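Reader: I should like to learn how to read the features of a protein model. May we take them one at a time?

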Amino acid sequence: MGNSNVAIIGIGEVPTRIMPERTRWDILYDICMEAIKDSGLDKNDIEAVINVAPQAQPKLAAELSFGKLPEELGLKGCKDTCVCNAGGASTSNCIRLAEQYIASGIAKAVLIPHVTVHSTIPLEEQINFFAKAGVDMQWEYPFGTTYNILMGMMANRYMHETGAKPEHMASVVTALRSWATRDPNSFFYQKKVPTPEMVMESSLLNTPLHKRESNILGDGGSAMVLVSADDAGKMNKPVAYKLGESVRYFSGTPVLRDFYKVAEGFSVTATEAMAEAGVTKDDISLWNIYMAYPMNHPIMAEALGVAPIGEGAKYFAEGRMSFGGDIPWSTIGDAPGRGHTGSGVSTAMYVETARQLMGKAGERQVKNCRYVYQNTAGGSGFNNIATVWGKEA
């Protein structure tokens with residue numbers, strides 16, 4: 001079934017927290033060693049390292065770009081290393097590159113790590129970075145177009161089209177956090193899940209976006225080890241096979257982005273990825289959706305056909321995507337539930353996809369999890385990459 005060429009055989013992760021005493025290299029050592037140990041391989045079996053580009057961390061970016069990680073970990077079998085950057089879609093492209101390395105014989109086993117430590121980046125630098133990253137410097141930046149502004153504009157358009165109310169949109173946070181409170185790696189582990197009313201009582205950032213509908217920057221990291229599907233099948237252990245993929249580009253300038261083209265892109269990439277995998281949406285056990293902001297989730301639910309057109313936000317309000325609901329959805333809570341670790345949120349989402357298929361998700365484990373739909377989006381949402389993963393090749 002499908003087009004399986006690669007599999008995730010090992011995962012490693014540290015909890016997302018605000019812990020400035022935990023350095024970037026502390027996290028890298030931990031996640032990489034855990035992923036390799038989990039894979040069942042020796043560290044010297046790793047023949048390539050493909051790093052997710054660290055955002056707003058120029059020193060670390062330089063160290064990784066100039067090949068420091070294999071040396072630090074003592075990976076004596078490593079043949080190559082590089083850094084890949086496509087914003088939130090970086091991890092997807094790291095996996096694609098790993099597929100090429102494996103298919104061409106460059107490497108039999110590839111390590112993909114990501115780390116971000118926001119807490120030691122000076123506040124002014126954080127503000128300047130996020131004010132400019134993915135924002136057109138001629139047509140957006142001079143007018144104060146920030147991510148919060150953009151998300152509010154998209155939410156307003158969706159609410160206008162569907163009649164969704166602010167309380168419906170706020171319920172997305174409730175759903176995502178209901179998963180996050182059960183995730184030991186979440187920023188919000190064992191913390192109270194806010195009701196839609198509590199979300200709406202928080203400060204208004206940009207109509208209809210409230211403070212609790214935005215993200216909290218955190219420190220964290222995760223890593224994966226990948227091998228060929230054939231090699232994974234010989235290991236006699238739970239793994240996650242990549243079965244299908246599709247992608248569409250939208251635009252690099254957010255205010256020029258066509259709302260309907262984006263929704264269509266969400267839909268067509270899912271259709272194509274599932275067709276390549278040989279499954280239908282009724283086969284999907286988990287919709288592991290990465291949108292960074294909660295307000296985009298109802299749009300995606302409708303585009304995927306999980307909810308009828310105009311009913312996505314109401315599905316969240318009814319608790320259908322919450323823990324215990326009938327539609328398992330973003331089981332680490334996406335960035336609003338995990339805590340935002342830059343491009344590493346998508347790495348964490350892939351790790352969760354593998355974790356669910358391996359049966360290692362603890363209280364969040366989706367029963368009989370067989371197929372997972374996973375997406376990522378690049379930068380400010382310039383594209384959508386849809387993938388389908390399965391527990392069998």
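Author: Certainly. Please keep in mind that this is a predicted model. We may begin with its salt bridges, of which the structure holds 21.

Reader: Which residue meets Glu13 in a salt bridge?

Author: The general idea is that a side-chain nitrogen of Lys or Arg lies within 4 Å of a carboxyl oxygen of Asp or Glu. Here the side chain of Glu13 meets that of Arg355, with 2.6 Å from N to O. Glu13 belongs to strand 1 and Arg355 to helix 14, so this pair ties together parts that are 342 residues apart in sequence. Both Glu13 and Arg355 are buried.

Reader: Which residues are linked with Glu13 in a network of salt bridges?

Author: The network links Glu13 with Asp183, Arg338, Glu352, Arg355 and Arg364.

Reader: How should I read a pair such as Glu47 and Lys79?

Author: Begin with the distance: the closest N and O atoms of Glu47 and Lys79 are 3.9 Å apart, and the pair forms a salt bridge. Next, find the places of the partners. Glu47 lies in the loop between helix 1 (24–39) and strand 2 (48–52), and Lys79 in the loop between helix 3 (68–73) and strand 3 (80–84), so the pair ties together parts that are 32 residues apart in sequence.

Reader: Is Glu47 buried or exposed, and is Lys79 buried or exposed?

Author: The cut-offs are under 20% relative accessible area for buried and over 50% for exposed, with partly exposed in between. Glu47 counts as buried because its relative accessibility is 18%. Lys79 counts as exposed because its value is 53%.

Reader: Where do Arg96 and Glu245 lie?

Author: The side chains of Arg96 and Glu245 meet in a salt bridge of 3.0 Å, N to O. Arg96 lies in helix 4 (residues 90–104) and Glu245 in strand 8, so the pair ties together parts that are 149 residues apart in sequence. Arg96 is partly exposed because its relative accessibility is 23%, and Glu245 is partly exposed because its relative accessible area is 21%.

Reader: Let us turn to empty space. How many cavities of 30 Å³ or more does the structure hold?

Author: A cavity is a space where a probe fits but cannot get out. The structure holds one cavity of 30 Å³ or more. The largest cavity has about 50 Å³ of space. Among the residues that line the largest cavity are Glu13, His114, Ser222, Arg338 and Ala348. The elements giving two or more residues to this lining are strand 1 (6–17), strand 7 (219–228) and helix 14. By class, the lining of the largest cavity has two nonpolar, seven polar and two charged residues.

Reader: What is the volume of the second largest pocket, and which residues line that pocket?

Author: A pocket, by contrast with a cavity, is an open set of points. The volume of the second largest pocket is about 170 Å³. Its lining includes Tyr158, Glu161, Phe259, Tyr260, Ile299 and Glu302. Two or more lining residues come from each of helix 6 (147–162), helix 10 (259–277) and helix 11 (297–303). The lining of the second largest pocket divides into seven nonpolar, one polar and two charged residues.

Reader: Which residues form a nonpolar patch on the surface?

Author: The patch is formed by Met153, Val255 and Leu256, which together have about 300 Å² of accessible area. Leu256 is in the loop between strand 8 (240–249) and helix 10. Leu256 counts as exposed because its relative accessibility is 65%.

Reader: How should I read the backbone?

Author: Most residues other than glycine have a negative phi, and most peptide bonds are trans. In this structure, a cis peptide bond joins Thr207 and Pro208, with omega of about 0°. Pro208 lies in the loop between strand 5 (204–206) and strand 6 (209–210).

Reader: What phi does Gln190 have, and what phi does Asn368 have?

Author: Gln190, although not a glycine, has a positive phi of about 60°. Gln190 lies in the loop between helix 7 (166–180) and helix 8 (196–201). Asn368, likewise not a glycine, has a positive phi of about 55°. Asn368 is placed in the loop between helix 14 (344–358) and strand 10 (371–376). Gln190 counts as exposed at 61% relative accessibility, and Asn368 is exposed at 64%.

Note on methods
Residues are numbered from 1 along each chain as its sequence is written. This is a predicted model: local features need pLDDT of at least 70, side-chain atom pairs count only at pLDDT 80 or more; totals for chains, interfaces and linings use all residues. Side-chain values use heavy atoms; hydrogens and water are left out. On a 1 Å grid over the protein atoms alone, a cavity is a set of points where a 1.4 Å probe fits but cannot get out, and a pocket is an open set with protein on both sides within 12 Å along at least five of seven lines; lining residues have an atom within 4 Å of a point. Grid points are joined across faces, edges and corners, and a volume is the space filled by probe spheres set on the points. Helices (H or I, at least four residues) and strands (E, at least two) are DSSP runs, numbered from the N terminus. Ala, Val, Leu, Ile, Met, Phe, Trp, Tyr, Cys and Pro count as nonpolar, Asp, Glu, Lys and Arg as charged, and the others, Gly among them, as polar. Patches are made of residues with over 30% relative accessible area and no salt bridge: like charges are joined within 9 Å, nonpolar side chains (Val, Leu, Ile, Met, Phe, Trp, Tyr) within 5 Å. Accessible areas come from the Shrake-Rupley method with a 1.4 Å probe; for residues, only the protein chains shown count as cover. Buried means under 20% relative accessible area, exposed over 50%, partly exposed in between (1.4 Å probe, protein chains only).
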